Amino acid sequence: MQTPYFVFDKKRLIENYNYFNESCKKNFEKYKIAYSIKTNSFNAVLNELAKQKTGFEAASILELKQSIKYNKKGFKVFNGPAKTEEELKIAIKNHILINVDSKSEIDKIIRLMKGKLLNIGIRVIYDIQDSKFGFEEKRINDIINYCEKNNLHVVCIQFHQGTQINLKNFEEGIKKFAKTLDFLKRNFEFIDLGGGFPDKFKLGTLGLRLEDYFVIIKNNLEKFKATIILEPGRAIVCDVFELITKVIAIKENFGIKHAVLDAGTNFLPRMSCAFYKFEAQGDKKENNKEEYILTGPLLFANDSFGKFHGFLKDGDLIRVKNVGAYCYNLSWEISYKKPKIISKL
Ligand SMILES: Cc1ncc(COP(=O)(O)O)c(C=O)c1O
């Protein structure tokens with residue numbers, strides 16, 4: 001088999017989805033799961049999740065079409081700061097909940113609806129770093145009034161806190177959000193908390209479970225009696241893919257050993273915010289460990305992943321774990337084509 005290639009584990013995907021769903025069931029009276037398509041949009045991933053009756057979260061025309069293809073009748077959410085008229089028309093026609101992100105987007109929807117009523121959501125932000133998204137908290141009330149005056153009925157409020165967030169920051173965010181909801185004195189049908197729940201590896205390093213996050217949501221937001229929408233990506237797919245890559249060259253410069261692999265940051269991007277775990281296949285030697293800098297094949301000095309301890313030689317296969325979130329979708333074709341995906345037997 002030509003390396004590098006991804007291995008897709010369908011059984012793991014279903015287990016992860018069921019675990020997420022069961023954890024929601026335990027903590028929320030009413031909830032909807034809308035899987036974040038951007039996190040991994042491999043056909044078989046979307047197909048299997050659709051069979052589990054999950055909803056989908058879309059962030060572009062491509063993803064809107066995928067969400068409709070795989071889940072014609074199910075629950076769907078449309079997010080993003082750059083929604084075009086064409087995308088909005090598709091979302092409206094297919095009864096997809098639009099979380100509005102700017103005044104200009106609201107005006108586009110008003111024009112498209114020509115006075116007819118539409119239920120929408122609205123995204124709130126608190127941090128200047130998130131400025132390109134949604135509306136800052138102090139504007140929310142006015143924006144809701146503007147929507148309602150124009151026959152856009154605000155049924156949902158969304159607050160996405162970023163990704164791989166630790167529990168303390170998550171709790172602070174949820175408490176702040178609960179204060180906003182108290183202040184607004186409005187019954188929203190949906191409270192959408194976006195995605196970003198840490199993957200299993202991150203939870204492991206934090207000594208936490210997914211449910212620790214859900215309990216915080218329950219304790220702070222249950223009183224609003226809304227349906228909780230969650231848009232998980234990495235929590236469901238983080239360990240559903242592995243990447244098999246090969247050692248192409250071992251070299252030593254300035255006393256430091258390097259193992260050059262045939263996959264680099266082109267397929268294992270830093271932007272994924274995932275912690276990759278490298279395991280040499282068949283390397284059982286406990287002693288005899290040497291230290292290598294693992295690097296990719298690209299002609300960039302920063303195409304490297306840190307240290308590896310073991311014993312490597314040309315042609316050895318390396319299994320990279322925790323690559324299910326964003327690696328396939330963010331893979332870029334520079335010098336090499338995107339890796340193929342095979343299904344685990
Ligand atoms: C609004 C929203 N929902 C869901 C997600 C999915 O995040 P993750 O894959 O980290 O769970 C993102 C990711 O950035 C997002 O911006």
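This is a quick walk through the overall build, the nonpolar core and a few unusual backbone spots of the protein.

**Overall build**

Keep in mind that you're looking at a predicted model. The chain folds into 11 helices and 17 strands. Its radius of gyration comes out at 22 Å, close to the 20 Å that the globule rule gives for 345 residues, so the protein is as compact as a globular protein of that length. Lined up along the principal axes, the C-alpha atoms fill a box of roughly 70 × 40 × 40 Å.

How much of the protein is buried? Buried residues account for 41% of the 345. As for who touches whom, take the contacts with a separation of 6 or more: 72% of them link residues 24 or more positions apart.

**The nonpolar core**

In soluble globular proteins, nonpolar side chains tend to be buried together. Here, the largest nonpolar core has 87 residues. Which residues have the most contacts inside that core? They are Ile98, Ile122, Ile191 and Leu243. The core also takes in both domains, with at least three residues coming from domain 1 (10–237) and at least three from domain 2 (241–323).

Ile98 is a handy place to start if you want to click around. Setting aside neighbours within four places in sequence, Ile98 is in contact with Phe78, Leu88, Ala91, Ile109, Ile120 and Gly121.

**Backbone oddities**

Most residues other than glycine have a negative phi, and most peptide bonds are trans. A few spots here go the other way. One is the peptide bond between Thr3 and Pro4, which is cis, with omega at about -5 degrees. Pro4 sits in the segment before strand 1 (5–8).

Then there are two residues with positive phi, Gln164 and Lys185, put side by side here:

| Residue | Phi | Location | C-beta neighbours within 10 Å |
|---|---|---|---|
| Gln164 | about 55 degrees | loop between strand 8 (152–158) and helix 7 (167–184) | 19 |
| Lys185 | near 45 degrees | loop between helix 7 and strand 9 (190–192) | 7 |

Neither residue is a glycine. Helix 7 has a loop on either side of it, with Gln164 in the loop that leads in from strand 8 and Lys185 in the loop that runs on to strand 9.

Are these two residues buried or exposed? Gln164 counts as partly exposed because it has 19 C-beta neighbours inside 10 Å, and a buried residue needs 20 or more. Lys185 has 7 other C-beta atoms within 10 Å, so this residue is exposed.

Key:
Residues numbered from 1 in each chain as written. Predicted model: local features only at pLDDT ≥ 70, side-chain atom pairs only at ≥ 80, totals over all residues. Helix = DSSP H or I, 4+ residues; strand = E, 2+ residues; numbered from the N terminus. Rg over C-alpha atoms; globule rule 2.2 N^0.38 Å. Buried ≥ 20, exposed ≤ 12 C-beta atoms within 10 Å, placed from the backbone. Contact = placed C-beta atoms within 7 Å. Core = buried A, V, L, I, M, F, W, Y, C linked by C-beta atoms within 7 Å. Domains from an automatic or database assignment.
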